[in-house]
Amino acid sequence: MATTMEELLDGLNRDLSAEYQAVITYRSFASLATGPYRQELRQFFEDEIPDELGHAQFLADKIVALGGTPTTEALPVTLTRDNREMLEIAHRAESETIERYEKRVRQAEELGLTALKVRLEDLIVDETDHKEEIERRLKNWKE
Ligand SMILES: [Fe+2]
Ligand SMILES: [Fe+2]
């Protein structure tokens, strides 16, 4: 079944909620990290925030450009005080985000929105970088 503009806009709003969730999650984890790697993890999570905010900005602008209304809701945030669990939560979220953007690329393509498709592919590049960085941190984890 062909994608409709309404389905695409619903999807982009879901993506926007997830980007806001990522901003809150990373801000919270940066503050909650403890132990010998606290400073390192704090810096790592803080460094992700501008990327996720940039994604939110792009999505909100695009939703308006396509005739929609950008959501103001973030998806619920899962908190933990365990450093490793923070990275696992972040890893899961980044993986799910990549899957959603891959679906969005297909929808944009079906609607003939080439520029949106290309920009979504750029987001996939960013999120894949995030995911791989987290994977390297989770490797040989000793704490
Ligand atoms: Fe993002
Ligand atoms: Fe990300």
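1. Let me start at the metal site. The iron ion (ligand 2) takes its protein donors from Glu52 (OE), Glu94 (OE, listed twice), Glu127 (OE) and His130 (ND1), and these atoms lie 2.1 to 2.3 Å from the ion. Please keep in mind as you read on that this is a predicted model. Along the chain, the donor residues of this ion follow the pattern E-x41-E-x32-E-x2-H. Two of them bring distant parts of the chain together: Glu94 sits in helix H3 (residues 83-110) and Glu127 in helix H4 (residues 114-138), 33 residues apart.

2. Are those two glutamates buried or exposed? Glu94 is buried, with a relative accessible area of 3%. Glu127 is buried as well, at 1%. Both values can be read against the cut-off used here, where buried means under 20% relative accessible area.

3. Now for the other metal. The iron ion (ligand 1) is coordinated by Glu19 (OE, again listed twice), Glu52 (OE), His55 (ND1) and Glu127 (OE), at 2.0 to 2.4 Å. Its donors are spaced E-x32-E-x2-H-x71-E in sequence. Here too a pair links distant parts of the chain, with Glu19 in helix H1 (residues 5-32) and Glu52 in helix H2 (residues 38-65), 33 residues apart. Glu19 and Glu52 are both buried.

4. How far apart are the two iron ions, and which residue bridges them? The distance between the iron ion (ligand 1) and the iron ion (ligand 2) is 3.8 Å, and Glu52 is a bridge between them. You will also find Glu127 in both donor lists: an OE atom of Glu127 is given for the iron ion (ligand 2), and an OE atom of Glu127 is given for the iron ion (ligand 1). If you plan to look at the angles, the reference values are 109.5 degrees for four tetrahedral donors and 90 or 180 degrees for six octahedral ones.

5. Stepping back to the fold, the chain has 4 helices and 0 strands, and read from the N terminus its elements run α-α-α-α. The radius of gyration is 16 Å, close to the 15 Å that the globule rule gives for 143 residues, so the chain is as compact as a globular protein of that length. Along the principal axes, the C-alpha atoms fill a box of roughly 50 × 25 × 20 Å.

6. Some whole-chain numbers may help you. Of the 143 residues, 42% count as buried. Contacts between residues at least 6 apart in sequence join residues at least 24 apart in 82% of cases. The accessible surface of the chain is about 8000 Å², and carbon and sulfur atoms account for 49% of that. As for charge, the chain has 19 positive and 31 negative charges, and their mean positions are 4 Å apart.

7. Back in helix H4, have a look at Asp129. Asp129 is partly exposed, with a relative accessible area of 45%. Its C-alpha atom is separated by 9.4 Å from that of Glu94, a residue 35 places away along the chain. Glu94 itself is one of the donor residues of the iron ion (ligand 2).

8. Helix H1 offers two more residues to inspect. Glu7 lies in this helix and is partly exposed, at 35% relative accessible area. Which residues does Glu7 touch, not counting those up to four places away in sequence? They are Ala2 and Gln107. Glu7 and Gln107 are 100 residues apart in sequence, yet their C-alpha atoms are 8.5 Å apart in space. Gly11 is also placed in helix H1, and at 7% relative accessibility Gly11 counts as buried. From the C-alpha atom of Gly11 to that of Leu79, 68 residues away along the chain, the separation is 25 Å.

9. One last residue, in helix H3, is Ser95. Ser95 counts as buried at 18% relative accessibility, a value to set beside the limit of under 20%. Ser95 and Ala65 are 30 residues apart in sequence, and 27 Å lie between their C-alpha atoms.

Key. Residues numbered from 1 in each chain as written. Chains lettered and ligands numbered in written order. Predicted model: local features only at pLDDT ≥ 70, side-chain atom pairs only at ≥ 80, totals over all residues. Heavy atoms only, no water. Helix = DSSP H or I, 4+ residues; strand = E, 2+ residues; numbered from the N terminus. Rg over C-alpha atoms; globule rule 2.2 N^0.38 Å. Buried < 20%, exposed > 50% of the residue type's maximum accessible area, 1.4 Å probe, protein only. Contact = heavy atoms within 4.5 Å. Areas by Shrake-Rupley, 256 points an atom, 1.4 Å probe, with all protein chains shown as cover. Lys, Arg positive; Asp, Glu negative; His and termini not counted. Charge placed at Lys NZ, Arg CZ, Asp CG, Glu CD. Donors = N, O, S within 2.8 Å, 3.2 Å for Na, K, Ca; no water.
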